[in-house]
Amino acid sequence: MAAAAASLVIRLSALAVVLVVLCPTASAVPLGKRYRVGGPEGWRVPPPQDKEMFYVKWAAPITFFVEDSIEFVYKNDSVIKVSKAGYYHCNETAGIGTGAVPRDGSTLFLLDAPGFAYFASADLGHCNAGERLVINVRAASPPAPASESSPAQAPTAPSSSRPPSSSPFSPAPGPAPSMEYSSAAGGPFVASLARAMAQTVTLVLACFI
């Protein structure tokens with residue numbers, strides 16, 4: 001059972017790699033959670049009295065992981081991914097994102113690496129007014145380990161001083177069979193298989209729909 005599940009996971013992973021190669025847009029599909037920066041009102045210049053902490057407070061209760069994505073929705077504005085210096089000094093007007101030209105719309109960033117990520121409005125006045133964001137992205141969380149349970153053990157036959165029976169109908173003595181496969185409810189292969197299937201289905205939909 002375990003060998004068959006492992007083989008299927010390998011085949012699905014190989015298919016996912018082929019889809020990414022044949023369909024480059026599939027690799028950009030976010031697989032984790034999606035967050036709208038700033039909440040319902042979107043990406044905007046914060047109130048003057050809260051400009052230093054507005055987006056810090058928004059991000060504080062969220063734990064971001066690799067494969068999550070953040071969406072900036074704005075009106076007559078812009079957003080770019082900047083360096084650490086660009087975040088603190090508000091001196092960058094070009095980078096990954098909309099560029100410096102303000103417009104209405106939205107921009108989605110896939111969080112594809114662990115560590116700090118910095119974003120700001122390309123309008124330096126907006127950035128200095130607090131329209132900037134820093135988040136700490138964690139590595140993808142590992143699957144929950146399977147619950148540990150004691151392996152089943154065959155009962156030990158009571159010792160006897162008599163020699164074994166020589167009857168032809170008596171079973172030959174031998175070791176008790178062992179059962180060492182993972183249970184179907186939460187085994188590591190099942191978690192890996194489910195994750196591989198979800199990723200493959202997502203890539204197929206992104207590539208052909």
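# A walk through the predicted fold

Of the 209 residues that make up the protein chain, 28% count as buried. Keep in mind as you look around that this is a predicted model. The surface exposed by the protein chain comes to about 13800 Å², and carbon and sulfur atoms supply 62% of that area.

Let us begin with the overall layout. The protein chain has five helices and eight strands. If you follow the chain along its sequence, these elements come in the pattern α-β-α-β-β-β-α-β-β-β-α-β-α. Contacts tell you how the chain folds back on itself: among those between residues at least 6 apart in sequence, 73% join residues at least 24 apart.

Now turn to a sheet. Strands of a sheet pair through backbone hydrogen bonds, and they can do so in a parallel or an antiparallel way. Here, three strands form an open sheet in the order 1-3-6, with mixed pairing. Strand 1 and strand 6 (103-110) stand at the edges with a single partner strand each, so one side of each has no neighbour in the sheet. On average, neighbouring strands of this sheet are turned by 20° against each other, direction ignored. Strand 3 and strand 6 are paired in the antiparallel sense, over seven bridges.

Which residue of strand 6 does Glu71 stand opposite? Its counterpart there is Leu108. Glu71 is a good residue to pause at, as it also takes part in a charged pair. Side chains of opposite charge can pair when their charged atoms come close. The side chain of Glu71 meets that of Arg34 in a salt bridge, with 3.3 Å from N to O. Glu71 lies in strand 3 (residues 69-77) and Arg34 in strand 1 (residues 34-36), so this salt bridge ties together parts that are 37 residues apart in sequence. Is Glu71 buried or exposed? With a relative accessible area of 17%, Glu71 falls under the 20% cut-off, and therefore counts as buried.

How many salt bridges does a search of the whole structure find? The search finds four, and the pair just described is one of them. Another links Glu41 with Arg44, whose closest N and O atoms are 3.1 Å apart. The two partners can be described by their accessibility: Glu41 is exposed, with a relative accessible area of 59%, whereas Arg44 is partly exposed, at 22%. Lys57 and Asp50 also bring their side chains together in a salt bridge, with 3.4 Å from N to O.

Finally, look for a covalent link. The count of disulfides comes to one. It is formed by Cys90 and Cys127, whose sulfur atoms are 2.0 Å apart. Where do these two cysteines lie? Cys90 is in the loop between helix 3 (84-89) and strand 5 (96-97), while Cys127 is in helix 4 (residues 124-128), so the disulfide ties together parts that are 37 residues apart in sequence. The torsion about the S-S bond of Cys90 and Cys127 is about -75°, which means that the disulfide is left-handed. Cys90 is buried, with a relative accessible area of 5%, and Cys127 counts as buried too, at 1% relative accessibility.

Conventions: Residues numbered from 1 in each chain as written. Predicted model: local features only at pLDDT ≥ 70, side-chain atom pairs only at ≥ 80, totals over all residues. Heavy atoms only, no water. Helix = DSSP H or I, 4+ residues; strand = E, 2+ residues; numbered from the N terminus. Buried < 20%, exposed > 50% of the residue type's maximum accessible area, 1.4 Å probe, protein only. Contact = heavy atoms within 4.5 Å. Areas by Shrake-Rupley, 256 points an atom, 1.4 Å probe, with all protein chains shown as cover. Disulfide = S-S within 2.5 Å. Pairing = 2+ DSSP bridges. Axes fitted to C-alpha atoms, helices over the stretch in contact; angles between N-to-C directions.
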